Amino acid sequence: MIVGVPKRIKRVMLAFLSPDEIRKMSSTKIITADTYDDDGFPIEMGLMNPRLGVIEPGLRCKTCGRKVDECPGHFGHIDLAMPVIHEGYPKTLRDFVRREIWHGKGNFASLETVLRSKVAMLAVAFLLLHAVALVALLCGADRRIAVAGVTLVSVLCLTASVMKYHRFPMSIPINGCLYYLYLWGRGLALVGTLYSRAAKRMRSKGHRE
Ligand SMILES: [Zn+2]
């Protein structure tokens, strides 16, 4: 048993910093790619801005006041003139869904991982709602069952979008549609996992016979 540990880490989450968080962390804004002036001093708001820390032995950091060997260095930020798309982001909706299928597979490794993941549970509910609506339509059951299934799926996607993008109301319908594709990707990950598990079982059964 470990004694004297003040906090136990239960889980670690990784996420992107928002532009506001980056600006809050930043010690200065960078507006020019220039570094030093004619006298050899770092240019304010340039890439060698003394608020980021200093490398010249005689100078002090303008953020913490310490010298080169004591200052840890500080973050700055650049406000981009146009939005820039990260090279790692998917370029088409097909790539987006394929990426989510790949990401989702880990969530369906076992029943325990499904129960631990909110997204996996949502994906299961999403697939079930589609299945209920489809079966109701094919069997000629009351149409209201199919309508209820479709409505619940729409509410699910829009609620997820509102919860995450409430600060950007204009993007809520588009992100609602993206959530629909996202949940399809995660749902297909479950279907793929079940399929490959069944195929494996069939193969091992075939070997034994
Ligand atoms: Zn400093």
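# Close-up views of an all-helix model

**Figure 1. The whole chain is built from six helices and zero strands.** This is a predicted model, so please read each view below with that in mind. Starting at the N terminus, the elements follow one another as α-α-α-α-α-α. The radius of gyration is 26 Å, well over the 17 Å that the globule rule gives for 209 residues, so the protein is more spread out than a compact globule. Along the principal axes, the C-alpha atoms occupy a box of roughly 85 × 50 × 35 Å. Of the 209 residues, 13% are buried. If we take the contacts between residues at least 6 apart in sequence, 41% of them link residues at least 24 apart.

**Figure 2. The domain assignment gives domain 1 and domain 2.** Domain 1 covers residues 17-84, and domain 2 covers residues 93-208. Between the C-alpha centres of domain 1 and domain 2 there is a distance of 45 Å. Helix H2 spans residues 93-104, and Arg98 sits in this helix. Arg98 is partly exposed because 14 other C-beta atoms lie within 10 Å, a count in between the limits of 12 for exposed and 20 for buried. A useful pair to pick out here is Arg98 and Ile22: they are 76 residues apart in sequence, and their C-alpha atoms are 30 Å apart in space.

**Figure 3. Met45 has a positive phi in the loop between helix H1 and helix H2.** The loop that holds Met45 runs between H1 (19-25) and H2 (93-104). Have a look at the backbone here: phi of Met45 is near 60°, a positive value in a residue other than glycine. For comparison, most residues other than glycine have a negative phi. Is Met45 buried, exposed or partly exposed? Met45 counts as partly exposed, because 14 C-beta neighbours fall inside 10 Å.

**Figure 4. H4 and H6 cross at roughly 90°.** Helix H4 covers residues 118-138 and helix H6 covers residues 172-208. Their axes come within 9 Å, and H4 and H6 are therefore roughly perpendicular to each other. Which residues meet at this crossing? From H4 come Val119, Ala120, Leu122, Ala123, Val124, Phe126 and Leu127, and these meet Leu183, Arg186, Gly187 and Leu190 in H6.

**Figure 5. Gly187 is a buried residue of helix H6.** Gly187 counts as buried because 23 other C-beta atoms lie within 10 Å, and 20 or more are needed. With neighbours within four places in sequence left aside, Gly187 is in contact with Ala123, Phe126 and Leu127. You will recognise these three from the previous view, where they are among the H4 residues that meet H6. For a sense of distance, Gly187 and Lys7 are 180 residues apart along the chain, with 36 Å between their C-alpha atoms.

**Figure 6. Helix H5 has 23 residues and reaches 33 Å from its first C-alpha to its last.** H5 takes in residues 143-165, and its reach is close to the 33 Å expected at 1.5 Å a residue. Which residues of H5 are buried? They are Gly149, Cys157 and Ser161. What covers these buried residues includes helix H4 and helix H6, the pair of helices that cross in Figure 4.

**Figure 7. Asp142 lies in the loop between H4 and H5.** Asp142 counts as exposed, because 9 C-beta neighbours fall inside 10 Å and the limit for exposed is 12 or fewer. Contrast Asp142 with Gly187 in Figure 5, which is buried with 23 other C-beta atoms within 10 Å. A last pair to find in the model is Asp142 and Leu14, which are 128 residues apart in sequence and 45 Å apart in space, C-alpha to C-alpha.

Key: Residues numbered from 1 in each chain as written. Predicted model: local features only at pLDDT ≥ 70, side-chain atom pairs only at ≥ 80, totals over all residues. Helix = DSSP H or I, 4+ residues; strand = E, 2+ residues; numbered from the N terminus. Expected span 1.5 Å × (residues − 1). Contact = placed C-beta atoms within 7 Å. Domains from an automatic or database assignment. Rg over C-alpha atoms; globule rule 2.2 N^0.38 Å. Axes fitted to C-alpha atoms, helices over the stretch in contact; angles between N-to-C directions. Parallel < 35°, antiparallel > 145°, perpendicular 65-115°, else oblique.
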